[in-house]
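Work through the exercises below with the sequence and the model open. Each task is followed by a solution in steps.

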Amino acid sequence: MDRPTWNPQILVSPVQDGYVAYDSASDQLHHLNPLAALLSELCDGTRTVEQIRELVAPLLPEESVGDAIERWMGEAAKANLISFNGGSQSGIREPTADELAALAKRLRDGGKIQTAYMCQLRAAERAPEDSEKWGYLGDLAHILGRREDARVAYEKYLELEPDDAEVRHIMVALRDEPAPPRVPNECIQYLYRRFSSFYERNVVEELGYHGPEHLQSMVDSVIGDRDQLAVLDLGCGSGLAGVRFKPRAATLVGIDLSPEMVDLARARAIYDHLEVAEITQWLGRDQQQFDLIVACDCLIYFGDLSQVAVPAAQHLRADGVFAFTVEKGRYPFRLTDSGRYEHHPNHVREIAAAAGLHVERLEESFLRMEYGEEVTGLFAILRKPA
């Protein structure tokens, strides 16, 4: 008697409106309702069509049981989702974990995130001791907004890679644990050790990063034609902001926690001095005074911004300007699942007052893209009274 068998190359996953079945051999995606998903599980080669009908019968109106199941079996066989004894799928080889992982990367590159996730989930299940597969699964779950699935995948990853400071920090948010005052040093250094080799290609070309340009235009509107300024670039990175403010600088100093990023900044040959340091520690020990302090896309690693604003104000000369960007979010600030902090405009106003600075301009604007969505930034220009 015919015993329908599910094609081992078909991967099934729940989605918001039901289920999807992905055929990794033909790169086809099929949408399944809950009944079809149940039938796919029952078609494991151990049951006859009649046995499957008896199991499903309580879920359907009595008069439609036979027609519904026969129709689904026919459509599923035609779509190559199932086969019967001796059918065309006999001898089909199930993809290996590495083959599925490679397919997941190709699918993600092609923008097919849901199907990439399905392939990577199967790959991780097939190779449970492979940390890279669990880490990439967590990344895909995060992109899809599957928060709990991301947490589970990263938990598996950390069991195998407990020294990964970046994922340890992300797990603080995913576990809803109390957020630290700022992202730990080792996390930032770990992140940019990996990120530095393709940083500018990624943020400028792929993500359309617009922070330095917009911040420069706002600073220009506030300080007019002043030049020959002493400029401090906090979290200078590769120097994307530094090149914008160099024309106004008599001296340009750059500080960053990542040695690899400082090397990139040094290669631009625009800085008079570069130093590898955590910026609040540097501000706490250095005595220099500046006309302009810039912090472009680095305060996203801090919770309460007074940690930076108060000591930065002490390094500003009279009429000096502190210009920075953050990501816009709920009041007062919040550690997000990305591992970065987002901040509310009112928090910016509060820390300006605490630092004795006047808010000259505070605007919302496009910062960059992330997973196909626009990230809204807050652009702030604070001035020290003359």
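A disulfide is a pair of cysteine sulfur atoms within 2.5 Å. The model used here is predicted.

**Exercise 1.** Determine how many disulfides the structure holds, and explain the result for Cys296.

Solution.
- Step 1. Find the cysteine sulfur closest to that of Cys296: it belongs to Cys298, at 8.1 Å.
- Step 2. Apply the cut-off of 2.5 Å. The separation of 8.1 Å is too far for a bond, so Cys296 is not joined to Cys298.
- Step 3. Check from the other side: for Cys298 the nearest cysteine sulfur is that of Cys296, and Cys298 is in no disulfide.
- Step 4. The count for the structure is zero disulfides.

**Exercise 2.** Decide whether Cys296 and Cys298 are buried or exposed.

Solution.
- Step 1. The cut-off for buried is under 20% relative accessible area.
- Step 2. Cys296 has 8% relative accessibility and therefore counts as buried.
- Step 3. Cys298, at 7%, also counts as buried.

**Exercise 3.** Describe the largest nonpolar core and the surroundings of Phe324.

Solution.
- Step 1. The largest nonpolar core contains 77 residues.
- Step 2. Within this core, the residues with the most contacts are Leu232, Leu299, Phe322 and Phe324.
- Step 3. Take Phe324 and set aside its neighbours within four places in sequence; its contacts then include Leu215, Ala295, Leu299, Val348, Ile351 and Phe379.
- Step 4. A second core, separate from this one, has 30 residues, among them Leu100, Ala101, Ala104 and Leu158.

**Exercise 4.** Work out the strand order of the sheet that contains E3, and place helix H5 relative to the sheet.

Solution.
- Step 1. The sheet is open and made of three strands in the order E2-E3-E4, with antiparallel pairing.
- Step 2. Strand E2 (10–15) and strand E4 (28–32) are the edge strands, each pairing on one side only.
- Step 3. From one strand to the next, the twist averages 25 degrees.
- Step 4. Strand E3 (residues 18–23) is joined to E4 by five bridges. Val20 stands opposite His31 in E4.
- Step 5. Helix H5 (residues 113–126) lies across E2, E3 and E4, and runs at about 115 degrees to E2.

**Exercise 5.** Locate Asn7, state its exposure and find a polar partner for its side chain.

Solution.
- Step 1. Asn7 sits in the loop between strand E1 (5–6) and E2.
- Step 2. Its relative accessible area is 0%, so Asn7 is buried.
- Step 3. A polar atom of the Asn7 side chain lies 3.1 Å from the backbone oxygen of Asn80.

Notes: Residues are numbered from 1 along each chain as its sequence is written. This is a predicted model: local features need pLDDT of at least 70, side-chain atom pairs count only at pLDDT 80 or more; totals for chains, interfaces and linings use all residues. Side-chain values use heavy atoms; hydrogens and water are left out. Buried means under 20% relative accessible area, exposed over 50%, partly exposed in between (1.4 Å probe, protein chains only). A nonpolar core is a set of buried Ala, Val, Leu, Ile, Met, Phe, Trp, Tyr and Cys residues joined through side-chain atoms within 4.5 Å. Contact means heavy atoms within 4.5 Å. Two strands pair if DSSP finds at least two bridges between them. Helices (H or I, at least four residues) and strands (E, at least two) are DSSP runs, numbered from the N terminus. Axes are lines fitted to C-alpha atoms, for helices over the stretch in contact, and angles run from 0 to 180 degrees between N-to-C directions. A polar contact is a pair of N or O atoms within 3.5 Å; within protein, one must be able to donate a hydrogen and the other to accept it, and residues adjacent in sequence count only if both atoms are side-chain atoms.
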